[in-house]
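Trainee: I have a model on my screen and some questions about its core and its sheet. Can we go through them?

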Amino acid sequence: MSDSQPHGDATPPTDTDCTVQSPPPKTDGALLVASSVEVAYNEVEILQDVSLSIEAGAVTALIGPNGSGKTTLLRSLAGLNRQVVGNITYHGPESHRRIGYLPQQPAFRPGFTVLETLQFYCSLVGSGTEDATERLDHVGLGDAADRAVEALSGGMTRLVGIAQATIGDPPLIILDEPASGLDPGMSGHVFDVAAELAAGGTGVLLSSHDLELVERTADHIIVLDDGTVQARGPPAALVDRADADSLRDVYEVSTVGDERRVRVRGETS
Ligand code: ADP
């Protein structure tokens, strides 16, 4: 089923939208297509001419240094940023919920348990306790069902956020740093969950600094730096094209600046 829903207000994508060292994104079978996206805050350009498409049944990973614009891009694609110029169009199937979103810093209303919190979100899409419980188990949080959300660690809060993002089985799930603050075992588990969702047909777009997990899991990678797409493609193709040994090498040649300093847009030259 094709349901093109404007998400921004500019023109449809064309083959010439892409300015990076790789082929432009295909639009066949895409869930979401972004074309020439620009975002500026207080006249400082944060995203410039970003074009991409997110496919169903695949994990797309967005990588790049702190401050490169990943969260701004993910929020824009999720329809949460009113400052977007350009065109973002949803092409996926109609659903109670088109896009599930995990923010970088998930927060839940205090005074409720984990299960009550998920039950609330399930009720919004017409499902109940069984669904909430299954989603908690799926992210490995079954034992925390009766714990108050304000008593969770940062990593556990993120897992609740991941469970919340899957409720209603949205065709596209956007996860902003889902593995941040998690131990290596849980980080691996979260990437496995992302891969399982994709194997079931969901489009998953996530950001991460864990390049090994990204290289192992992602079907497509987008390297963002300074608000522009620097490279994109399947992990093996990116590594081959750069004549590199690993995704870390690709990352290093695709991003500029001192790795030990955060580039602050509008401040760092
Ligand atoms: P990343 O997720 O890659 O770390 P962000 O998208 O969070 O990057 O931020 C990119 C740049 O945009 C940073 O320089 C940040 O300070 C700036 N920025 C993000 N949100 C805002 C905002 N609401 N107002 C002004 N500047 C912002």
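Trainee: Which residues touch the most other members of the largest nonpolar core?

Mentor: First, a caution: this is a predicted model, where local features need pLDDT of at least 70, side-chain atom pairs count only at pLDDT 80 or more, and totals for chains, interfaces and linings use all residues. Residues are numbered from 1 along each chain as its sequence is written. A nonpolar core is a set of buried Ala, Val, Leu, Ile, Met, Phe, Trp, Tyr and Cys residues joined through C-beta atoms within 7 Å. This one has 74 residues, and those touching the most other members are L32, I174 and A194.

Trainee: Which strand gives the largest share of this core?

Mentor: Strands are DSSP runs (E, at least two residues), numbered from the N terminus. With 7 residues, the largest share comes from strand 2 (residues 30-41).

Trainee: Why does the core lie between two domains?

Mentor: Domain bounds come from an automatic or database domain assignment. The core lies between them because residues come from both domain 1 (1-93 + 173-269) and domain 2 (105-170).

Trainee: What does L32 touch, beyond residues up to four places away in sequence?

Mentor: Contact means C-beta atoms, placed from the backbone, within 7 Å. By that rule, L32 touches S53, I54, L77, I88, Y90, H91 and L172.

Trainee: What is the bridge partner of L172 in strand 8?

Mentor: Strand 7 (residues 172-175) and strand 8 (residues 203-207) run parallel, joined by 4 bridges. Strands pair if DSSP finds at least two bridges between them. In strand 8, L172 is partnered by G203.

Trainee: Which are the edge strands of the open sheet?

Mentor: The sheet has 6 strands in the order 6-7-8-4-9-10, with mixed pairing. An edge strand here pairs on one side only. That gives strand 6 (99-102) and strand 10 (228-233).

Trainee: At what angle does helix 5 run to strand 8?

Mentor: Helix 5 (residues 184-199) lies across strand 4 (59-63), strand 7 and strand 8. Axes are lines fitted to C-alpha atoms, for helices over the stretch in contact, and angles run from 0 to 180 degrees between N-to-C directions. For strand 8 the angle is about 155°.

Trainee: Is A244 buried, exposed or partly exposed?

Mentor: A244 sits in the loop between helix 7 (235-241) and helix 8 (247-254). Buried takes 20 or more other C-beta atoms within 10 Å, exposed 12 or fewer, and partly exposed falls in between, with C-beta atoms placed from the backbone. A244 has 16 C-beta neighbours inside 10 Å, so it is partly exposed.

How values were computed: Two residues are in contact if their C-beta atoms, placed from the backbone, lie within 7 Å.
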